[in-house]
Each structure stands twice: as structure tokens, then as C-alpha cells.
Amino acid sequence: MTQPIRNVAVLGAGVMGSGIAAHLANAGIPTVLLDIVPPGLSEAERADRNARNRFAAQGLEKALKAKPAAFFHASRGQLVTVGNLEDDLDKLAKCDLVIEAVLERLDVKQVLFEKLEKVIGPNTIVSSNTSGLPIASLMEGRSADFRRRFLVTHFFNPPRYMKLLELVAGPETDPEIFARVRTFGEEILGKGIVIGKDTPNFVGNRIGVYAMMTAIHQMLEDGLLPEDVDQIAGEPLGRPKSAAFRTADMVGLDTFVHVADNCHQTLAKDEERQVFAVPPYIRQMVERKLLGDKTKSGFYRKAPGGIETLDPKTGEYRAKQATPAIAASIKALKSVENPKERIKKMMADKGPAGTFAWKVTSRLLAYSARRIPEITDHIPSVDDAMKWGYNWELGPFEIWDALGFAETLSRIEKDGLALPAWVTKMKAAGATGFYRGNEIWDASNGAYVAKEKDARRLPLSEVRKGNTPLFKNGSGSLWDIGDGVCCATLSSKANSVDPDVITLLQTGIERAEKDFRAMLIYNEGEHFSVGANLFMVVMAASQKNWEQLRAMTQRFQGVNQRIKYASVPTVAAPYGMTLGGGLEMCLGTTAVQAAAETYSGLVEVGVGVIPGGAGTLNMLWRALEGIPDGAKVDTSALVTQVFTNIALAKVATSADEAKAFGYFRNSDGVTFDKLRLLHDAKARAIGIAESGYHPPAPRSYVLPGESGIATFRMMVASLRQAGQASEHDALIANRLAEVLCGGASGGVAPVTEERLLELECEAFLSLCGEPKSQERMQYMLMNNKPLRN
């Protein structure tokens, strides 16, 4: 076991430094955040610690207010202590790791490292978040012991959301120290580690900026529009919708130009150095402070008439345009979900879209191949850097394999693009691709080698026993995953809840109680579950088939209650969007093991109804379960908070926030590395089973009843009068209040779970019959977003 890292300091409270500090706090690491003393302080301010710490305090404050949120929950900010680089350097002596994230200037960093050497502890590790300054230059004048404890830790922005952490060792970095930081990054921060070499911009930015600059230069050469490029170089090529120009706006043109300039200035021997030369019109944009989102104007800007684009030819903004032939080609790919198939179809396109796509992609593939072993020795490092640092669906070598190794190689050679010798040797050796089953091509020895595997990061397909499920229907399957645990996994569109999903869960519980000691609900795909299949609800409601809808609702309520009272523990493993019925599945389980990036909430009011799968009951169950028997507690405040969370469709933007909202318990687990979610959830299920599990007993609740309903109606009426709620909003809220208060008699005697389920079902069905609710549901189906009244 490597020595743990428990206390960290971050030097520099800018966007990156404060973001790194926030993510360290997310992981429970006490963090010291220091920045310079603001220049120009008055004599009184120079004696005021708050004034001297202003830059660091402002960095923390901005991180607390950041959108998207830098912290999992605002309370995590208490783990960050601010200070300054003159008064608080002594605090670094107690830190296990000091991360430098100051201005990207060699002289500034060198002066800081000189100061650090005098104050850090004998075992303190020092790292730099530089994006490409040479380690040898950074370490000029430092002792051998300091150099031994130094390395590069290059986080990607924003640190909370970007999985990539590039680690680069210097020639004298102690391997044990390097391994210690790697373990910290993987195990504590949940990062995907890419080991790069000490070359300009390392791995991710070297390839990523090349791809963006190639697209920009090719656009200018071909006479295409920026909008054309972003249409082609986004999802059709397995990249984010932001593609090239929108990504640059998000990153900031000043940052983007800085990285490109660094490549152009330092890569004297790069055969494609000129690709990194920033076009004059972009440099003029930086001079004009058209820096993207941070200045509200960049390659794109919002105008009263809609989105406008900066025209590269005129330097002026114009209405957004599109080339019809390109738009048609992109539209034809909209329904292709598999990124490999989508990219293949894009390359096969004979129009201007396909021609442009091939030009930029072929150059990217050849360039990536030529960078091995310059920037890294390993093919997966390039692919992982682009997936984790730029959110690509496939890395360059995975794209090459998807297009066909031999065919793509021949096409690249026919175009006259240079390839390294190791690729041509692959062809001669009869290699079929860079990846082959559980093997990867090793460019250094010219042979396939086994992929490195971590048993904690295996997908369900490699964990399950055999290829035959215990049960399967149109929306999911049930698997034996070993160690006495079975796993129900959904396969419906967006893992939505439909009658087949209910059958799957019911069958899973029955099999688990008979043949297993625990059951998981674990899904794969982009999101855990986006909720109920609205199409089926809309169809039943529009046809006034109320009995069918009642049966469906009661079945979903029933299976979630069955999950709650099963004789074996049940564990849900949510991640991504876990909304509506997706969260209702989790609310009934014995425990939750959630990915840190889980976005959860009961959002049914957005489509004109209330939760209909025991969500109201189980939210109350979570809120009231800590009240000791016999305690004379007014439950109104707790019920009001549940009402607020549901009525406002509050979505928790992290697993931590879900705990704060009462969607998950404080005892529920959080997994930082989503690839480990299956392993961690299974381990939790086994742990509960082995510690003597007994299911809970049903409870009855004393609720606010008639007086509570009246109070909620007054509150809703005031919102209605203030114009903050529509008549339909008021109707939904009042029906919700009736359920959560236990009906008119809810305050007279304890309300049973059965009664609450009846109230929930009746309210859900009545709202489904409302024309405005049906309109909202249909709008959501057509537009994938709620209708705002």
C-alpha cells in the first residue's frame, strides 16, 4: 500500500487552481488555497489579513458560485482554507502534496519553487499544473532532493468534470513518489491517468489542439463556414456537439491561442508545425477581446435576433447560416447512435461534409501515429487522453480501427500522408488493428500485448457468469454476477421504465430471494434512467384507458415496494440522469452506491403529474425514518421540504447534493470513478448481506392532514396571485399536497403506506386526465424538454 496523501495545498487561485482545490475538497481532502497578496493595498489593508488573502478568497468564492458547480455541495467549501503566498507558506510544511497552478510563466514558477524549497516538509511532494513548460527549465537551480519529489500533474478544466489527469515525470522523479501521486489521482480523485512525456502540451492538448487547428485551416482552405465545421466535427465524428469553434468559445480564445502558440513556438522539429500557426483573424479576435463565453462574444454570440457567427472573411458578426448540402448529410446521421457506425457513414459520404471529414480525420490519424513514441509510448494513452480530456467518444486509434485498419491505411497512403515505420510494420506483420480482443499493439516491440486490466473496472459483460441471462425481455435482463449476487440491468431506450422493466425487477426479486443473497440494479448507457416511458402514458391517457394506466401505476408502485421489503438486500447504482421513475427505483432499495456525477430528482411536475411509482411515499419514508418512536415531532417542516423538492422538480447535481436533498441517505456510497461503479455496488451488496441483513418493517406516519393541506393551498394561492405559478401549476401542487399530508384525515391517525399509495395513484391518474398535463407530456415527447406555461 502506498503512503496516502491526506493534506494538499494549491498555489494559485485562478480558474484552474480554485477548481483543483474544489475537487480536492469534493474528495474530502483538507486543502490550503494560496495566492499572491493583491498589489496596490493601502497601508491599512496591508495589515488586514482579509485584504491580503483577497485573491484566494475571491477564487474560492467564484468556485462556490461556478456554473456548472465546482463543488459537489457548498458545504465542501469548508474544507478549503485560504491564505497568501507571503504570510502562509509555513502551512505547506504539513502538506503531503503542493500543487502549483500560478501564471503560466517560467520566471514566475521558478521564483515560487525557490521559495517552496525553503519551507516545505522533508517528504512533501511538489507538482506543477503547467500545460507544457519543460521540467528541466522549471527545475533550474533546485536541489537534487527537490527534483526527486517533483512531477507534473496536469488537470483539465473544469477539474471536477474532466476525467483526465496527465502525469509527467522528470528525469530525476522518484518512481515511488510518482506511483504515490498516481494512486492518489486514481483512487481518491477518481481520475483517468495518462502518463505523458515531457514534451510541449503533453498528450491531450497536443492532439486536441492539432485536431482543432487542422479543422480551422481546412475550413479556410475549402471556403466552408464555421457552422459547417461545427456540424461535421461534432457528433458525426464522435466528438461533443461543441466541436471546434464552440469548444474554443467555452475554453476561451486567449487560452486556446496560448496553447496553440506554445506548440508553434516550441515544436521546431514538428513536421506540421505550421498547423499550430493561429490565423490572423483569430489573433485579431483576441486583440478585440472577443474571447468566447467569458466575454459573451467569440466565434459565436447571442444577439436579440438569435445566435450570430463571426465571419472569418469580414471579421463582423452575421446571422447563423448553414450550407444545405452539409446540413442534409449531417441530418442523415442523426439516428445513428453507435459512434463507430456514425463515423463510418460520415467518411463514406460523397458530398462536401464527407470530403471535409476525411481530410481532417486522415490527417489526425497520421499525426497521432507519428507522435508515438514522442509524446507517449502507448496507443491507449492517446485514445484515453482524447476521451477523458476532450470528451470524444472514440480516440484516434479507435477511430482508425472502426474505419478498418487495412482499408484506412491504404487510403491514407494513397493520399500521400506520411506514416511512421511502426505502422507500416504492423501491416507487414498481418495486424488487423491497434486493438484485438483483449490485446493492444505495442509500437515499441512490434507485437500484440495483453491489455492492462483492473478487476474493479470491468464492464458487466466481463463480470457476469456466461452469456445466457437468468431472465430476459424487451427492456432488460437479469444476470448472475457471482458471489451470490444477481444483477438486473435495463436496455430500454434511455433506460426508461415501461411494463417490461417492471416485470424484470419483479422477476429479479423473486430469483434473488430464491437463489441469491443480494440483488443489484445496475444499468449501462449514458444515463441510469430518465424515468417513465412517457409515450405509453400519453397513449393510455389520450385514449382514456384509465384502467390500463391504473394497473401500470400500481404495478410500478408494487415493484418498488417489493424492492424495499425483499428478504435480501437490494442496491441501486445510479449515475448520470436518474430522474422520475429512475430515482423511484433507487428510493426503495436497501442502499445506493452512486456515481459522484449523478443528477437526480423527481421531476414529474414538469410533465404535469406527480410521482406515480411510490416516489411520494418513499421520499416521506426517507425524511421521517430517523424520528425515534414516541417522539412528539411536528412533521410539517419535513413534509414541507419533501413538497418543495417535488413541486419545484429540484434536481441534485451530484450524489453529495442528492444526500442533502434526501434522495439518498447519508450512509449511501459514492464512487468517484464511474468505471468502478459495478464493483463498488456489488461490494456494498455483499457487505450488507454478510453483516446480517433483515428487511425493514412497514411504518405508518402521522402527517399534517387537513390543516397541512390548507397551509399548502394558501402558499400555492399566494404564488398564483404573484404570477409565479399558473393555474395548472397550482392544480398539480395542490394534488401533491393532498398526498403528502395523508389526505384530509392524515393528521387524525397514522397513515399507512397502503393509504399513501392509494392517494398517490389517484392523484397521478387525475392529473393524467387533465388536458394541460397531456399537452405537457406531448411537448416533452416532441422536444425533449418541459413546456413552460
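This passage walks through an open sheet, one helix elsewhere in the chain and one buried lysine, all taken from a predicted model.

The sheet comes first. Eight strands make up this open sheet, laid out in the order S3-S2-S1-S4-S5-S6-S7-S8, and the pairing is mixed. Strand S3 (80-84) and strand S8 (192-195) sit at the edges, each pairing on one side only. Going from one strand to the next, the twist averages 25°. As for what holds such an arrangement together, strands of a sheet pair through backbone hydrogen bonds, either parallel or antiparallel.

Working across from S2, strand S1 (residues 8-11) runs parallel to strand S2 (residues 31-35), and four bridges join the two. Leucine 11 has leucine 34 of S2 as its bridge partner. S1 also runs parallel to S4, again with four bridges between them; here valine 10 is partnered by isoleucine 99 of S4. The next pair along, S4 and S5, is parallel too and is joined by four bridges, with leucine 97 matched to isoleucine 125 in S5. Within S4, Leu97 and Ile99 point one way while Val98 and Glu100 point the other way, and all of them are buried. That pattern fits a familiar rule: in a regular strand the side chains alternate between the two faces of the sheet.

Strand S6 (150-155) deserves a paragraph to itself. Six of its six residues are buried, so S6 is largely enclosed by the rest of the structure. Phe150, Val152 and His154 are on one side and Leu151, Thr153 and Phe155 on the other, all of them buried, which leaves both faces of S6 covered. On the S5 side, the pairing is parallel and runs over three bridges; on the S7 side, the pairing is antiparallel with five bridges. Leucine 151 turns up in both pairings: serine 127 stands opposite this residue, and its bridge partner in S7 is alanine 169.

Helix H8 (residues 175-188) lies across S1, S4, S5, S6, S7 and S8, and runs at about 180° to S7.

Further along the chain is helix H27 (residues 636-647). H27 has 12 residues and reaches 16 Å from its first C-alpha to its last, close to the 16 Å expected at 1.5 Å a residue. Its buried residues are Val639, Val642, Phe643, Asn645 and Ile646. Seen down the axis of H27, these fall within an arc of 165°, so they line one face of the helix. What they pack against is a set of other helices: H26 (615-624), H28 (655-661), H30 (705-721) and H31 (727-740). Just after H27, alanine 649 takes a positive phi of about 50°.

Last comes lysine 564, which is found in helix H24 (residues 546-564). Buried or exposed? With a relative accessibility of 1%, lysine 564 counts as buried, because the cut-off for that label is under 20%. The side chain of lysine 564 makes a polar contact of 2.7 Å with the side chain of asparagine 618. Setting aside neighbours within four places in sequence, lysine 564 is also in contact with Gly588, Leu617, Trp621, Tyr693, Pro696 and Glu753, among others. Of these, Leu617 and Trp621 come from the stretch of chain assigned to H26 (615-624), a helix that the buried residues of H27 also pack against.

Technical notes. Residues numbered from 1 in each chain as written. Predicted model: local features only at pLDDT ≥ 70, side-chain atom pairs only at ≥ 80, totals over all residues. Heavy atoms only, no water. Pairing = 2+ DSSP bridges. Axes fitted to C-alpha atoms, helices over the stretch in contact; angles between N-to-C directions. Contact = heavy atoms within 4.5 Å. Buried < 20%, exposed > 50% of the residue type's maximum accessible area, 1.4 Å probe, protein only. Polar contact = N/O pair within 3.5 Å; in protein donor to acceptor, adjacent residues only side chain to side chain. Expected span 1.5 Å × (residues − 1). Arc of directions from axis to C-beta.
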